[in-house]
Amino acid sequence: MTVLKASRKRPVSTISLSDLDFSNNNSNKNNNPEHREEFVPHPNFRGLFAGSGSDCLSDGRIAKEILNLVPSSRRDGEGASAPNVLYLGTATYDLSAPRARQTDELKKLGCTITSLDVSDKSPSPSDLKGSIDAADIIIASGGNTLFAVDRWNRLNMIPLLRAASERGAVLTGGSAGAIWVFQSGHSDSADPETFRQHMLDSAEMDEKKRKGGPRGRNDEDDQDDEGHADESSAAPKSEEAAKDWKYIKVPGLSFLPGLLCPHHDMVQSNGVLRSDDFDGMLLRHRGERGIGIDHWCSLIVEGGRYRVVYHDDRPGSVVVDDATGETCFCPERTGHPGVWIKEVVDGVVEQWVCPPEGKVSDLLRFPSSELVEDSLELAECRCANPDVATDAPCD
């Protein structure tokens with residue numbers, strides 16, 4: 001295998017990540033006391049965060065991983081009932097097909113599925129609390145991250161979701177369903193095909209053709225055995241067919257620190273490799289650690305430990321150069337899926353393949369500078385895809 005040492009095909013960094021963490025922590029002792037502390041999640045925190053939404057969650061192997069995160073006393077203890085899955089489909093505007101694709105495998109495993117539809121409804125605070133408090137597993141759909149997070153903030157759902165995580169409810173999802181747990185994310189929320197009206201219109205027009213989905217991939221290796229499609233858009237068939245939209249940095253709920261990029265090894269309808277664009281975003285936000293999750297990979301966090309889950313029958317970006325023995329990122333996806341750690345060092349984005357398991361405090365860290373939002377891009381996106389359930393003005 002020939003692996004070029006270009007901007008997209010690069011070996012892992014020769015810099016020690018532990019040395020870099022020591023340098024970052026010491027350089028910020030006088031700036032922000034929070035950054036002196038290593039990040040340690042709540043001991044009850046548990047979740048699976050995938051690089052894709054429907055593609056990963058419609059895989060029965062991933063569903064088993066999610067179910068196994070539910071405390072054994074809840075699954076097998078005396079008087080235990082079927083685990084309750086709460087599905088938040090806000091990012092796909094509560095459409096039924098994405099819900100089915102992301103919950104059917106858990107249903108097959110005996111779970112009870114409940115939906116909390118809030119994309120255009122405003123349940124009472126007591127109803128919101130009751131639904132979230134009853135959940136053993138909370139799935140957030142892939143789709144439009146910015147719309148979902150904004151909606152949950154308006155409904156004051158964040159304290160309820162945080163409390164659920166601290167009592168041991170499993171948080172899970174892919175793509176947008178992974179970003180929301182982190183401080184911020186590399187997102188396709190500015191893609192017009194993720195906007196509410198487009199998704200609703202598409203679902204109505206070709207429900208049968210797309211098995212009820214709003215849209216999805218066409219390339220064969222990115223569909224599951226039943227032909228289900230992911231929420232993320234497909235790569236254009238030619239350079240001329242690329243669509244005119246850009247990835248944006250969106251805020252998450254900050255349950256975990258870091259700037260997360262799902263579909264890290266993929267090209268979407270704008271023709272841009274997400275890994276490349278993610279590097280540019282990190283250069284604009286140099287204090288943040290980037291975590292890139294390949295399309296078919298998942299990151300599991302359980303208390304203070306993490307592990308990486310992937311399957312060899314799925315393509316990914318992690319390859320070993322036959323000539324040098326170096327581990328490299330390969331955009332042709334001829335290797336296995338992986339999780340990538342990225343940081344800006346002396347003006348250059350360095351990258352490391354995440355070890356298969358380890359301490360969360362070694363993987364995630366607080367930002368070394370104040371978080372900065374891309375306010376203009378966010379405002380433009382919110383105006384283009386408004387929250388129809390509110391009368392908020394479009395500035």
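Helices (H or I, at least four residues) and strands (E, at least two) are DSSP runs, numbered from the N terminus. The model on screen is predicted: local features need pLDDT of at least 70, side-chain atom pairs count only at pLDDT 80 or more, and totals for chains, interfaces and linings use all residues. Residues are numbered from 1 along each chain as its sequence is written, and side-chain values use heavy atoms, with hydrogens and water left out.

**Whole protein**

Start with everything selected. The protein has 13 helices and 16 strands. Of its 395 residues, 56% count as buried; buried means under 20% relative accessible area, exposed over 50%, and partly exposed in between (1.4 Å probe, protein chains only). The accessible surface of the protein is about 16600 Å², and 48% of that belongs to carbon and sulfur atoms. Such areas come from the Shrake-Rupley method with a 1.4 Å probe; for residues, only the protein chains shown count as cover. Among the contacts in the protein with a separation of 6 or more, 77% are between residues 24 or more positions apart, where contact means heavy atoms within 4.5 Å.

**Stop 1: histidine 263**

Select histidine 263, in the loop between strand 8 (256-261) and helix 11 (274-284). Its phi is near 50 degrees, a positive value in a residue other than glycine. Most residues other than glycine have a negative phi. Histidine 263 counts as buried because its relative accessibility is 0%.

**Stop 2: asparagine 156**

Go next to the loop between helix 7 (145-154) and helix 8 (158-166), where asparagine 156 lies. Asparagine 156 has a positive phi too, near 60 degrees. Its relative accessibility is 52%, so asparagine 156 counts as exposed.

**Stop 3: the sheet of 6 strands**

Now select strands 7, 6, 8, 9, 14 and 15: in that order they form an open sheet with mixed pairing. The edge strands are strand 7 (248-251) and strand 15 (348-353), each pairing on one side only. From one strand to the next the twist averages 30 degrees. Two strands pair if DSSP finds at least two bridges between them. For the twist, axes are lines fitted to C-alpha atoms, for helices over the stretch in contact, and angles run from 0 to 180 degrees between N-to-C directions.

Keep strand 9 (residues 290-293) and strand 14 (residues 339-345) in view. These two run antiparallel and are joined by 4 bridges. Glycine 292 stands opposite tryptophan 340 in strand 14, and isoleucine 293 has valine 339 as its bridge partner there.

Color strand 14 by itself. In a regular strand the side chains alternate between the two faces of the sheet. Val339, Ile341, Glu343 and Val345 point one way from strand 14, while Trp340, Lys342 and Val344 point the other way. Why is strand 14 largely enclosed by the rest of the structure? Because 7 of the 7 residues of strand 14 are buried.

On to strand 15, which pairs with strand 14 in the antiparallel sense over 6 bridges. Glutamate 343 stands opposite glutamate 350 in strand 15. The two strands form a hairpin with 2 residues between them, and aspartate 346 in the turn has a positive phi of about 50 degrees.

**Stop 4: the sheet of 8 strands**

Another open sheet has 8 strands in the order 3-2-4-5-1-10-11-16, with mixed pairing. Its edge strands are strand 3 (112-115) and strand 16 (357-359), and each pairs on one side only. The twist here averages 20 degrees from one strand to the next. Select strand 2 (residues 84-88), which pairs with strand 3 in the parallel sense over 4 bridges. Asparagine 84 stands opposite threonine 112 in strand 3.

**Stop 5: arginine 10**

Move to the segment before helix 1 (17-27), which holds arginine 10. Arginine 10 counts as buried because its relative accessibility is 17%. Add cysteine 330 to the selection: arginine 10 and cysteine 330 are 320 residues apart in sequence, and 7.7 Å apart in space, C-alpha to C-alpha.

**Stop 6: a cavity**

How many cavities of 30 Å³ or more does a search of the whole structure find? The search finds 2. On a 1 Å grid over the protein atoms alone, a cavity is a set of points where a 1.4 Å probe fits but cannot get out; lining residues have an atom within 4 Å of a point. Grid points are joined across faces, edges and corners, and a volume is the space filled by probe spheres set on the points.

To end the tour, select Asp55, Cys56, Asp59, Ile62, Trp296, His311 and Arg314, which line the second largest cavity. That second largest cavity has a volume of about 30 Å³.

Key:
On a 1 Å grid over the protein atoms alone, a cavity is a set of points where a 1.4 Å probe fits but cannot get out, and a pocket is an open set with protein on both sides within 12 Å along at least five of seven lines; lining residues have an atom within 4 Å of a point.
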